[in-house]
Amino acid sequence: MEQVQSVLNIGVVGHVDHGKTTLTSKITGQSTDRHSDEIKQGISIKLGYADACFYKCKTCQGLQSYGVTNKCHLCGGERELVRKVSFVDAPGHETLMAVMLSGATLLDGAILVVAANEECPQPRTIEHFSALKMHGLKNLVVAQNKLDLVTKEEALENYKKIRKFLDDEGYSHVPIIPTSAHFDANIDALVYALLANIPVPEIDTTSPLKMRIVRSFDINKPGTPLDKIKGGVLGGAVICGNLSVKQKVWLYPGITKPIELTIESLNSNGVSFKTVHAGGLIAIGTSMDPFFVSGDKMIGQLICDEKSKPLMSQNLELNYSKIDRLLDSNKDQIKLGENIVLIIGTAAHLGTIKKIKDNQVSVSLKNTAVYYKDETIAISRLVNGRWRLSGYAQAR
Ligand code: GDP
Ligand code: MG
Ligand code: ZN
């Protein structure tokens with residue numbers, strides 16, 4: 001793996017069993033499902049993460065000169081690194097929708113995986129797509145996967161349905177790349193499409209620091225002598241600003257109150273950094289007692305500096321908009337006293353509706369939320385026993 005920070009985060013989303021995890025492993029060469037082992041060991045990482053390097057042959061032309069290895073399949077020569085990216089593999093299981101949504105706030109682009117052998121769109125295809133659209137994410141590539149399971153005619157029929165879905169949503173610019181993750185087919189074309197359609201965002205190093213936490217853990221093995229104990233590790237993505245070793249930052253909402261802490265180390269996939277900026281996912285070693293961060297306790301927290309401190313409240317006044325396409329969760333209006341889940345950044349909050357006036361909704365939360373005035377908050381409702389995306393809101 002190249003010793004550079006990955007420059008952006010690409011989500012892999014779509015309906016369950018359409019091939020997200022398989023495709024991610026073919027692109028990154030790592031299994032994001034390895035995290036299920038970590039769950040057994042008590043480090044529950046809810047999203048799968050892996051880095052990938054995209055290469056292009058120096059001499060050859062065409063789609064096949066692109067790939068995820070540094071050796072060219074056409075001439076046998078060396079390819080050069082174009083870009084290193086982080087992949088976030090979202091669980092397709094519907095009960096984990098909230099987790100997928102929290103991932104959406106970190107993404108610079110996404111692959112929407114659609115199986116060619118099923119009717120399109122499937123419920124989770126619509127829901128995941130809506131979550132991306134709600135966050136204003138335009139840089140999307142569709143992988144029309146499992147092409148090996150259909151005839152040419154069926155593939156074309158399915159292609160038309162995907163195209164219609166994208167057109168209806170105002171996403172006509174999105175390319176559809178046929179793939180068979182199982183047979184490693186067309187991964188080179190997918191890499192080309194990702195490079196062409198998900199540009200490296202302009203890195204904002206001048207704004208005050210904002211970083212979202214998506215996992216946290218204790219890296220000390222049982223029996224580690226006291227003088228060798230390392231502080232708690234927080235994993236997430238810098239949204240804007242810089243983060244450097246030795247820097248003092250704030251963790252919000254913290255534990256009972258915001259915590260000031262010192263950055264001890266910065267690491268990504270085994271590579272250490274002195275300074276990181278917006279881009280791929282980073283693990284930071286902190287001065288915190290590892291007890292407080294073990295087992296993902298810090299998911300949803302925010303790291304900021306003196307200038308970027310967020311608002312904090314247990315009562316939110318929201319401007320709510322529902323997403324009509326999501327019929328199952330929107331058949332009736334939200335009700336007074338109804339429980340909803342709010343996804344703010346990477347945090348999921350349970351709340352109760354206290355007041356409704358047109359699209360203005362007052363919600364009281366079980367825990368204190370940290371938020372910024374202009375940020376998009378995803379709203380889920382309980383439909384037939386499951387949390388379903390229903391709309392989005394901004395705090396007033
Ligand atoms: P996810 O739920 O979207 O992450 O789907 P997985 O990657 O776990 O894949 C679900 C199943 O489909 C697995 O048994 C895969 O081996 C299989 N699969 C994935 N991609 C392909 C493909 O391109 N062709 C075929 N035939 N099977 C595939
Ligand atoms: Mg999967
Ligand atoms: Zn070549």
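These notes cover a strand barrel, a helix lying across two of its strands, and the surroundings of ligand 1 in a predicted model.

1. Start with the barrel. Six strands close it, in the order β17-β20-β19-β18-β21-β22. Their pairing is antiparallel. Direction ignored, neighbouring strands of this sheet are turned by 45° against each other on average.

2. Next, look at one strand pair. Strand β21 spans residues 377–383, and strand β22 spans residues 386–395. The two run antiparallel and are joined by seven bridges. To find the register, take I377: A393 in β22 stands opposite.

3. A helix covers this pair. Helix α4, residues 123–134, lies across β21 and β22. Its direction makes an angle of about 15° with β22.

4. Now turn to ligand 1. Which residues are closest to ligand 1? They are D17, K20, T21, T22 and D148, out of 15 residues that surround the ligand. Helix α1, residues 20–28, supplies the largest share of this shell, with three residues.

5. What is the make-up of the shell around ligand 1? Eight of its residues are polar, four are charged and three are nonpolar.

6. Check the backbone contacts too. A backbone N or O atom of A181 lies 2.9 Å from an oxygen atom of ligand 1. For H182, a backbone N or O atom lies 3.3 Å from a ligand 1 oxygen atom. For H18, the corresponding distance is 3.3 Å, again from a backbone N or O atom to an oxygen atom of ligand 1. Taken alone, ligand 1 exposes 580 Å², and the protein buries 76% of that.

Notes:
Residues are numbered from 1 along each chain as its sequence is written. Chains are lettered from A and ligands numbered from 1 in the order in which they are written. This is a predicted model: local features need pLDDT of at least 70, side-chain atom pairs count only at pLDDT 80 or more; totals for chains, interfaces and linings use all residues. Side-chain values use heavy atoms; hydrogens and water are left out. Two strands pair if DSSP finds at least two bridges between them. Helices (H or I, at least four residues) and strands (E, at least two) are DSSP runs, numbered from the N terminus. Axes are lines fitted to C-alpha atoms, for helices over the stretch in contact, and angles run from 0 to 180 degrees between N-to-C directions. Contact means heavy atoms within 4.5 Å. A residue is near a molecule or strand if one of its heavy atoms lies within 4 Å of it. A polar contact is a pair of N or O atoms within 3.5 Å; within protein, one must be able to donate a hydrogen and the other to accept it, and residues adjacent in sequence count only if both atoms are side-chain atoms. Accessible areas come from the Shrake-Rupley method with a 1.4 Å probe; for residues, only the protein chains shown count as cover. Ala, Val, Leu, Ile, Met, Phe, Trp, Tyr, Cys and Pro count as nonpolar, Asp, Glu, Lys and Arg as charged, and the others, Gly among them, as polar.
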